[in-house]
Every structure is written in structure tokens, then in C-alpha cells.
Amino acid sequence: FDLTPDDDQKMIVETVNEFAEEILRPAAHDADDAAAYPADLIAKAAERGRANLRKINVATGTVEDFTTGDQDVLGYSAGAEAAAFAVVVSTPTSIGDLYSVDGASGQMRPLYRPNQELWAELDLPPPEELNYTSFDGRKIQAWFQKPPDYVAGQRYPLILNIHGGPHAAYGHVFMHEFHYMA
């Protein structure tokens, strides 16, 4: 088996090399020189059960909240010049809502809530966030889900569902298991 290139293959390699040297590399160099980095980058960040967008200043490294709230931004896309963003959001009592986010202020405006009619028919109370200190001083986050039609002072059975974290931890996102068990 011989892997030595024949004359036609050698000619193709030479042509590609010449094209790269004469056309592609100079064009790439010019494009690099003309490129401008954005002043800010937008990235999704998760913290304490919430996943929102953050704005990172490229020059200073300063990080500030871009979206806020007890929610999980499941996905996002920027419009031209980052003047507006489309985000898909989940909360403990809704999932898959589409919002427009103003690129300057971070203000969210609902565009499409596909399950709004269904949610209006259901009694889905949001879980309550609990925080306590463990025996070793670590801060532990937990969630308490009351059943629909909860009545204060009435006794209810308790289901303890221990779930590992912080990777794939629970948070302010729709968790069907919470509502099913409650």
C-alpha cells in the first residue's frame, strides 16, 4: 500500500498552499486587524438555585447581573448589536416561557407563554427555599414543597428526597417531581 501522492495530488496541494498564502492569510490578517471586541459579554451563570444572565465588561472584568429573579434562563440568543435578547425561562411554576430582554437595561418582557392556560387551571405552589448550617459549618440549601390546597396547622406526611449537588442541584426551575410528590 503506497501513500505517496501522485502528480495530480501534489498539484492540488501546491494550489491550496498558494491560495492560502496569497489570499486567505492576508485576508485573515486584515480581518483580525479590523475586528473589534464587544465592550461586554453576556453569559449564563448559576448561583444558589438561580440561573440568570450576567454582563461581563471585557476591559475591566467587572461582572454585573443582566437578568435577575427566582428563575432559570434555559437558553438565550442575542439580536443585532445585542440591542435585544430572546430568552427561554423556567420557574418553579412555569416552563418554556419566551421573553424579550432589553440589551441596555436587562428588563424582561413576556412574548410567549405556551402553558399559561394550563397553569391557570392547576394549583402549583412554588417550593420554599430553606438554608441551614451543617455540622461542619457548610451552608446547605434545601427545598420544601407544600401540597396544593395546603392548610396551615394541618399535619401532612413528609417525603424526604435527598439529591446530590452542587452539580445538577435543584433550584428555581420547574421540577415536576416536586409537584407530583406534593
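## A tour from the R50 salt bridges to the surface of helix α1

Begin by selecting R50 and E129, whose side chains meet in a salt bridge with an N to O distance of 2.8 Å; bear in mind throughout that the model is predicted. R50 lies in strand β2 and E129 in strand β8 (residues 128–133), so this pair ties together parts of the chain that are 79 residues apart in sequence. E129 counts as partly exposed because its relative accessibility is 25%, and R50, at 24%, is likewise classed as partly exposed.

Keep R50 selected and add D70, since the side chains of these two residues also meet in a salt bridge, here at 2.7 Å from N to O. This pair, too, links distant parts of the chain, with D70 in the loop between β3 (63–65) and β4 (72–78) and R50 in strand β2, 20 residues away. The relative accessibility of D70 is 43%, so D70 counts as partly exposed.

Next, select H172, which is found in the loop between β9 (139–144) and α3 (176–181). Is H172 buried or exposed? Its relative accessibility is 6%, and H172 therefore counts as buried. Beyond residues up to four places away in sequence, the residues that H172 touches include R50, D70 and E129, as well as R48, D72 and W143.

From there, move to R48, in the loop between β1 (40–47) and β2 (50–57), which is partly exposed at 37% relative accessibility. Leaving out residues up to four places away in sequence, R48 touches E129, N131, Q141 and H172. To relate R48 to the earlier stop at D70, draw a line between their C-alpha atoms, which are 9.8 Å apart in space and belong to residues 22 apart in sequence.

Now select R54 and E47, whose side chains form a salt bridge at 2.6 Å, N to O. R54 is partly exposed, with a relative accessible area of 23%, and E47 is partly exposed at 46%. Adding D65 to the selection completes a network in which E47, R54 and D65 are joined by salt bridges that share partners. In the model as a whole, the count comes to eight salt bridges.

Finish at helix α1 (residues 7–34), where E22 lies. With a relative accessibility of 58%, E22 counts as exposed, and together with E14, E18 and E21 it forms a negative surface patch. F19 is also found in helix α1 and is partly exposed, with a relative accessible area of 45%. Select F19 with I23 and L24 to display a nonpolar surface patch whose accessible area together is about 290 Å².

Conventions:
Residues numbered from 1 in each chain as written. Predicted model: local features only at pLDDT ≥ 70, side-chain atom pairs only at ≥ 80, totals over all residues. Heavy atoms only, no water. Patch = residues over 30% accessible without salt bridge, like charges linked within 9 Å, V, L, I, M, F, W, Y side chains within 5 Å. Areas by Shrake-Rupley, 256 points an atom, 1.4 Å probe, with all protein chains shown as cover. Salt bridge = Lys/Arg side-chain N within 4 Å of Asp/Glu carboxyl O. Lys, Arg positive; Asp, Glu negative; His and termini not counted. Charge placed at Lys NZ, Arg CZ, Asp CG, Glu CD. Helix = DSSP H or I, 4+ residues; strand = E, 2+ residues; numbered from the N terminus. Buried < 20%, exposed > 50% of the residue type's maximum accessible area, 1.4 Å probe, protein only. Contact = heavy atoms within 4.5 Å.
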